[in-house]
Amino acid sequence: MTPGPAPAEKCIFCDIVAGRAPAYKVYEDEQTVAFLDLFPLTRGHTLVIPKRHGARLTDYAPEELAAVLRTLETMCRRAERLAPDYNVGLNAGATAGQIVFHLHFHLIPRYGESNPFRSTGRKRLGDDEAGNVVAELSAR
Ligand code: AMP
Ligand code: ZN
C-alpha cells in the first residue's frame, strides 16, 4: 500500500494522465509522464509528474520519487538539445505559487533571459510551436 491521497476528482494533471485532457506529451512510462507546460516560461518548458495523484513530495514513497527523478534526469538531458542551461523548480503550496495540486517539477530551459524568474506575459502554447518542441524533446 502506497501512501498519499486518492486521485483528486478535479485534477487537470490526472485528466492528462488518464487521456481525458489533451497534452503535448514528450515522455511516458509506467509511473511517470512529462509534457509541455501550456503557458511556457521559455521554449521547451516541461512538467514532469508521477501518474499517481499526490499534491507534493511528501505524499509519495521514496521508490515513486525515484521514478520521477529518473524521468526528470532523462528530460534534463533532452532539454540540453535546446539550451545548455536550465532551471528545475518545485512549488509546494499556494503561498509558494502552486496552482495545480498534483506534484510536478518544472524544467525550464534557459536562453540568456535578463531576468529568468520573471513570470509575466506568458502566452498559451500554439500547436505549431509545440509540434517542433515535442519532436525535439520526445526523441530518445
Ligand atoms: P504551479 O504554479 O507550479 O502549480 O504550475 C502549474 C503549471 O501548470 C503552470 O506553469 C501552468 O502553465 C501549467 N498548466 C496548467 N494547466 C496545464 C495543462 N492543461 N497542460 C499543461 N500545463 C498546464
Ligand atoms: Zn492529480
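User: What makes β1 and β2 a hairpin in this model?

Analyst: This is a predicted model, by the way. In it, just 3 residues sit between β1 and β2, and the two form a hairpin. Strand β1 covers residues 25-28 and strand β2 covers residues 32-36; they run in the antiparallel sense.

User: How do you know that β1 and β2 really pair?

Analyst: Pairing takes at least two bridges between two strands. β1 and β2 have 3 bridges, so they count as a pair. One example of a bridge: K25 has F35 in β2 as its partner.

User: And what about β3 and β5?

Analyst: That's the same cut-off of at least two bridges. β3 and β5 share 3 bridges, in the antiparallel sense, so they pair as well. Have a look at T46, which stands opposite L107 in β5.

User: Why are β1 and β4 called edge strands?

Analyst: Picture the open sheet of 5 strands in the order β1-β2-β3-β5-β4, with antiparallel pairing. β1 and β4 each pair on one side only, and that makes them the edge strands. On average, neighbouring strands are turned by 20 degrees against each other, ignoring direction. Helix α2 packs on this sheet and touches β1, β2, β3, β4 and β5.

User: What holds the zinc ion (ligand 2)?

Analyst: Four donor residues coordinate the zinc ion: C11 and C14 through SG, plus H53 and H102 through ND1, at 2.0 to 2.3 Å. A donor has to lie within 2.8 Å of the metal, so these atoms qualify.

User: Why is the arrangement around the zinc ion (ligand 2) called tetrahedral?

Analyst: For four donors, all angles must lie between 85 and 135 degrees. Here the 4 donor atoms subtend angles of 106 to 118 degrees, so the arrangement is tetrahedral. The ideal value for four tetrahedral donors is 109.5 degrees.

User: How do you know that the zinc donors are buried?

Analyst: Buried means under 20% relative accessible area. H53 has 7%, so it is buried. H102 is at 0%, so that one is buried too. C11 comes out at 5% and C14 at 9%, so both cysteines are buried.

User: Where along the chain do H53 and H102 sit?

Analyst: The donor spacing reads C-x2-C-x38-H-x48-H. H53 is in the loop between β3 and α2, while H102 is in the loop between β4 and β5, 49 residues apart, so the pair links distant parts of the chain.

User: How many disulfides are there?

Analyst: The count is 0 across the whole structure. A disulfide would need a pair of cysteine sulfur atoms within 2.5 Å.

Conventions. Residues are numbered from 1 along each chain as its sequence is written. Chains are lettered from A and ligands numbered from 1 in the order in which they are written. This is a predicted model: local features need pLDDT of at least 70, side-chain atom pairs count only at pLDDT 80 or more; totals for chains, interfaces and linings use all residues. Side-chain values use heavy atoms; hydrogens and water are left out. Donors are N, O and S atoms within 2.8 Å of the metal (3.2 Å for Na, K and Ca); water is not among the atoms, so sites may look incomplete. Four donors count as tetrahedral if all angles lie between 85 and 135 degrees; four count as square planar and six as octahedral if opposite donors are over 155 degrees apart and all others between 65 and 115; anything else is irregular. Helices (H or I, at least four residues) and strands (E, at least two) are DSSP runs, numbered from the N terminus. Buried means under 20% relative accessible area, exposed over 50%, partly exposed in between (1.4 Å probe, protein chains only). Axes are lines fitted to C-alpha atoms, for helices over the stretch in contact, and angles run from 0 to 180 degrees between N-to-C directions. Contact means heavy atoms within 4.5 Å.
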